[in-house]
Amino acid sequence: MTACTQLDPLIAQRASGPLDPADTLRLDAHLAGCERCRAELAAYEQTFGLARLPPPSEAERAAIAQLAVRVRAELRRGRATKPSWRPLVLGFAAAAAVALAVVVATRSGPSPSTTGGGGGAAVTASAWQEPDPEALLRVVEREHAELAIASEEPLDRAELIADAAWGKAFEEE
Amino acid sequence: MTDEVTDDDALVQSFLDGDDAAFEELVRRNEALVLRLVRRYARDPDDARDLAQKTFVRAFEAARPAFLRPFGERAPFRRWLVRIALNLSRNHARDAGRWTRASHSDTDGLADAQPHCGQGPLAGLLDAERSARLRRAVLRLPRRQREVISLRLDAELPFSEIAGALGITENAAKVSFHHAAKRLRELVSAATDREE
């Protein structure tokens, strides 16, 4: 017969939900002849019964009744209004090209004066600021930040330490 | 991979091909799962609905590029849903500086406290109090243990799927579960001893 200590993890798993068929057979065979493990199973079932949330209330069921429609509407709204970073980058690039062309044309002209009749373009050019690559990057990053949550987010350091400390304390008990 | 998961992915593909009804079907099939995951962290039913809605929208936006790629492996859509539901719920509770369901669960517990057969009203209230305390304890578990317990007790997922959702091995999921289960059981035992 399998030792009780080897089966303790299986007992807890069984109390929380179905097991694989092979594990179910193994555990059932042991439980049939072991009163102590049957008591363990009952204790875990009581624990998980207390830890579980009550079934969804009427209010909760009503709240999600139109969820599918709401989600689809939000996706559509997002597609229609969400600014993409690509047009922004292309826009900046086009504006930079025009500004460069203006500067080149002004400098190669007959008069260096910017106060005369041809000064308008030069004033425009002097007012132009080079696009800040960092700002562009921030736009792109902001665009993708919302999705970053979906990535395989690693445990942060504090949580790793908490997990490790808890595991160590558990093993020392 | 189960047929259910494969069907979900087919629905995502149909939606990307222009079939709007497919996405509604996808939401209907998975809304109970998502609700079960987020409600532990939600303040009230509307809060839970908003979290569930955000979960679906972000899961779709996150999974879309993978589904549009003609080649290469991709995670099943349901895995995106579970992962994002857990992350959003955790951030929601943390940002608001509250583990709201735990505090509200005191009143949930009292409202649900129906004396069992042969059990007096006082015993029912004691159970409700113990339940509220234990739900708070679940939220205070280390992150990995909390996620595994939540996926097992709330979402009722098999360990193979829990492992896939968390990007860990099935054995690691079971070890985390075991640590959490022992911890919760100790709390129940200690509370029972105090009451006796």
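Visitor: Is α7(B) mostly covered or mostly open, and how many of its 12 residues are buried?
Guide: This is a predicted model. A residue counts as buried if 20 or more other C-beta atoms lie within 10 Å of its own. By that cut-off α7(B) is mostly covered, and the buried residues number 11 of 12.

Visitor: Which residues of α7(B) are the buried ones?
Guide: The list includes charged side chains such as B:R144, B:R146 and B:E147. It also holds nonpolar ones, among them B:V148, B:I149 and B:L151. In full, the buried residues are B:R144, B:Q145, B:R146, B:E147, B:V148, B:I149, B:S150, B:L151, B:R152, B:L153 and B:D154.

Visitor: What span should α7(B) have, and what is the distance between its end C-alpha atoms?
Guide: Count 1.5 Å a residue for the 12 residues, and the helix should span 16 Å. The distance in the model agrees with that, at 15 Å.

Visitor: Which residue just after α7(B) takes a positive phi?
Guide: Look just past the end of the helix. The phi there is about 55°. The residue is B:E156.

Visitor: What pattern does chain B follow along the sequence?
Guide: Chain B has nine helices and zero strands. Of its 196 residues, 45% are buried. Read along the sequence, the pattern is α-α-α-α-α-α-α-α-α.

Visitor: How are α2(B) and α4(B) set to each other?
Guide: Their axes come within 9 Å and cross at roughly 25°. Angles under 35 degrees count as roughly parallel. Therefore α2(B) and α4(B) are roughly parallel.

Visitor: Which residues of α4(B) make the contact with α2(B)?
Guide: The crossing of this pair is right-handed. From α2(B) come B:N30, B:V34, B:L37 and B:V38. From α4(B) come B:R78, B:L81, B:V82, B:A85, B:L86 and B:S89.

Visitor: How are α3(B) and α4(B) set to each other?
Guide: These axes come within 8 Å and cross at roughly 130°. Angles over 145 count as roughly antiparallel, and 65 to 115 as roughly perpendicular. The angle fits neither range, so α3(B) and α4(B) are oblique.

Visitor: How many nonpolar residues has the contact of α3(B) with α4(B)?
Guide: In α3(B), the residues that meet α4(B) include B:L51, B:A59 and B:A62. In α4(B), they include B:F77, B:W80 and B:I84. By class there are three polar residues, two charged ones, and nonpolar ones numbering 10.

Visitor: How far does α4(B) reach from its first C-alpha to its last?
Guide: α4(B) has 19 residues. At 1.5 Å a residue, 27 Å is expected. The model comes close to this, with a reach of 26 Å.

Visitor: Which helix gives the largest share of the side of chain B that touches chain A?
Guide: In all, 51 residues of chain B are in contact with 42 residues of chain A. Several helices of chain B supply at least two residues each, among them α2, α4 and α9. The largest share is 13 residues, and they come from α3(B).

Visitor: How many charged residues are on the side of chain B that touches chain A?
Guide: That side has 22 nonpolar residues and six polar ones. The charged ones number 23.

Visitor: Is A:R52 buried, exposed or partly exposed?
Guide: A:R52 lies in the loop between α3 and α4 of chain A. It has 17 other C-beta atoms within 10 Å. Buried needs 20 or more, and exposed 12 or fewer. So A:R52 is partly exposed.

Technical notes:
Residues are numbered from 1 along each chain as its sequence is written. Chains are lettered from A and ligands numbered from 1 in the order in which they are written. This is a predicted model: local features need pLDDT of at least 70, side-chain atom pairs count only at pLDDT 80 or more; totals for chains, interfaces and linings use all residues. Two residues are in contact if their C-beta atoms, placed from the backbone, lie within 7 Å. Helices (H or I, at least four residues) and strands (E, at least two) are DSSP runs, numbered from the N terminus. The expected span of a helix is 1.5 Å times one less than its number of residues. Axes are lines fitted to C-alpha atoms, for helices over the stretch in contact, and angles run from 0 to 180 degrees between N-to-C directions. A crossing is left-handed if the near helix is turned anticlockwise from the far one by less than a right angle, and right-handed if clockwise.
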